[in-house]
Amino acid sequence: MRLVGPAGEQVGVVRIEDALRLAAESDLDLVEVAPQAKPPVCKLMDFGKYKYEAAVKAREARKNQTNTVLKEIRFRLKIDTHDYETKRGHAIRFLGAGDKVKAMIQFRGREQQRPEMGIRLLQKFAEDVAEVGVVESSPRIDGRNMVMVIGPLKNKAEAKAEARRASQRAEAKAANEAAKNGEAPARVDTSADKAPMTQSLADLLPDGLRLGSSAAEADKARAEKETAEKEQAAQAAKAAADKAAADARRAEEAAKAAAAKPAQAAKPAAKAPAEAKPAEAPKPMAVPKPTAVKPAAPKPAARPKPAAAAKPAATKPAGKAPAPGAGQKKPGTAE
């Protein structure tokens, strides 16, 4: 098989296995473009990209494709001037849009004996539209009618392009005139309330046929409402669970703090006796125990033993004094 590269370069005649290996290495597809050739011709390409480009080209071709339409205009042999002018205006519009015009004159009764009058009328009509059309088929008799075909000077694509350019020129001219006059360009008023746009075909149906769609819309709205309510309930339950968990966590932390407080308070109480030992030294002065026993027991009566030991010292002179006169009384004393 003959292999062609992705850029159109000739690779040469290779085996199918080698061509497949090259396609796999270059991450491309091996496409047979000329199966009838000897040897067959294959090309390395991105087949997806090729199909996309072909679809784009076909779409552009359909967009630029124009179908010429044959418009028909009918006259009577005794047509009035005003009616003739109206028919001529329609023909000029059709020819300007790129369509063909078929002019037909209908004969009645003895009018069929005067075909020359129809020929003169069609020739006058062709002269009036000569600016936008040319005669393609000369007048001919077709039964009781006389027919003439006039073709446009420009095809439909050119007419469309010219009309588009003319509209653009008109818009640009209007914008320039507005700018020269100092006027701001017109803006679309969006302040007014407008009906919301919708893509539903039910809005285009009559009221009698819209019942089914309205019921479906009501069911849909009800389902959406129920879903929203369920979501709100789930959110509320989740919030309540979070709050309960937070309350339990705070209660646990408070319990731990309360359990830790007695231990902390007991530590200073255990240390208090050791710290209070030096302060117990002035206890003998502050303790009222000896004073509380004053009125009671006979112990105070037994304590004056030291005073009894002092009596001999006090009585020694008293023992020596009665020696001079032991039973004598002092003068002036009463018995």
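1. Let's start with helix 5, where Lys156, Ala159, Ala161 and Ala178 are buried. Keep in mind throughout that you are looking at a predicted model. What do those buried residues of helix 5 pack against? Their partner is helix 3, residues 81-96. You can also check the length of helix 5, which covers residues 156-180: at 1.5 Å a residue, its 25 residues should span 36 Å, and the end C-alpha atoms are indeed 36 Å apart, so the two values agree. Just past the helix, look for Gly182, which follows helix 5 and has a positive phi, near 75°.

2. Now zoom out for a moment. The chain's secondary structure comes to 10 helices and 8 strands. Of the 335 residues in the chain, 15% are buried. If you take the contacts between residues at least 6 apart in sequence, 54% of them join residues at least 24 apart.

3. Next, find the sheet made of strands 5, 6, 8 and 7. These 4 strands form an open sheet in the order 5-6-8-7, with mixed pairing. Strand 5 (70-76) and strand 7 (133-142) are the edge strands; each has a single partner strand, so one side of each has no neighbour in the sheet. From one strand to the next, the twist averages 20°.

4. Inside that sheet, have a look at strand 6 (residues 100-106) and strand 8 (residues 145-152). They pair in the antiparallel sense, over 6 bridges. If you want one bridge to click on, try Ile105, whose partner in strand 8 is Met146. Helix 4 (residues 115-128) packs on this sheet and touches strand 5, strand 6, strand 7 and strand 8; its direction makes about 15° with that of strand 8. Helix 3 also lies across strand 5, strand 6, strand 7 and strand 8, and it runs at about 170° to strand 5.

5. Now for the rings. There are 4 aromatic pairs by the rule used here. How are the rings of Phe75 and Phe125 arranged? Their centres are 5.2 Å apart and their planes stand at 70°; over 60 degrees counts as edge-to-face, so that is what this pair is. Phe75 belongs to strand 5 and Phe125 to helix 4, so the pair ties together parts that are 50 residues apart in sequence. Are these two residues buried or exposed? Both Phe75 and Phe125 are buried. Tyr84 joins in too, because ring pairs link Phe75, Tyr84 and Phe125 into a cluster.

6. Two lysines are worth a click while you are looking at rings. Lys124 lies over the face of Tyr84, at 5.0 Å from the ring centre. The charged end of Lys71 sits over the ring of Phe94, at 5.4 Å from its centre.

7. Don't skip the loop between helix 4 and strand 7, which is where you will find Ala130. With a relative accessibility of 43%, Ala130 counts as partly exposed. Try the distance tool on Ala130 and Pro152: they are 22 residues apart in sequence, and their C-alpha atoms are 9.3 Å apart in space.

8. There is another sheet to trace, in which 4 strands form an open sheet in the order 2-1-4-3, again with mixed pairing. Which strands stand at its edges? They are strand 2 (10-13) and strand 3, each with a single partner strand, so one side of each is left without a neighbour in the sheet. The twist here averages 25° from one strand to the next. Helix 1 (residues 16-25) packs on this sheet, touching strand 1, strand 3 and strand 4, and its direction makes about 130° with that of strand 3.

9. Finally, spend a minute on strand 4 (residues 41-45). It is mostly covered, with 4 of its 5 residues buried. Strand 1 (residues 2-4) pairs with strand 4 in the parallel sense over 3 bridges, and the strand 4 partner of Arg2 is Val41. Strand 3 (residues 29-34) pairs with strand 4 in the antiparallel sense over 5 bridges. Among the bridge partners, Leu30 goes with Leu44 of strand 4, and Asp29 goes with Met45 of strand 4. Strand 3 and strand 4 form a hairpin, with 6 residues between them.

Definitions and conventions: Residues are numbered from 1 along each chain as its sequence is written. This is a predicted model: local features need pLDDT of at least 70, side-chain atom pairs count only at pLDDT 80 or more; totals for chains, interfaces and linings use all residues. Side-chain values use heavy atoms; hydrogens and water are left out. Helices (H or I, at least four residues) and strands (E, at least two) are DSSP runs, numbered from the N terminus. The expected span of a helix is 1.5 Å times one less than its number of residues. Buried means under 20% relative accessible area, exposed over 50%, partly exposed in between (1.4 Å probe, protein chains only). Contact means heavy atoms within 4.5 Å. Two strands pair if DSSP finds at least two bridges between them. Axes are lines fitted to C-alpha atoms, for helices over the stretch in contact, and angles run from 0 to 180 degrees between N-to-C directions. Rings of Phe, Tyr and Trp (its six-membered ring) pair if their centres lie within 6.5 Å; planes under 30 degrees apart count as stacked, over 60 as edge-to-face and the rest as tilted. A charge sits over a ring if NZ of Lys or CZ of Arg is within 6 Å of the ring centre and within 35 degrees of the ring normal.
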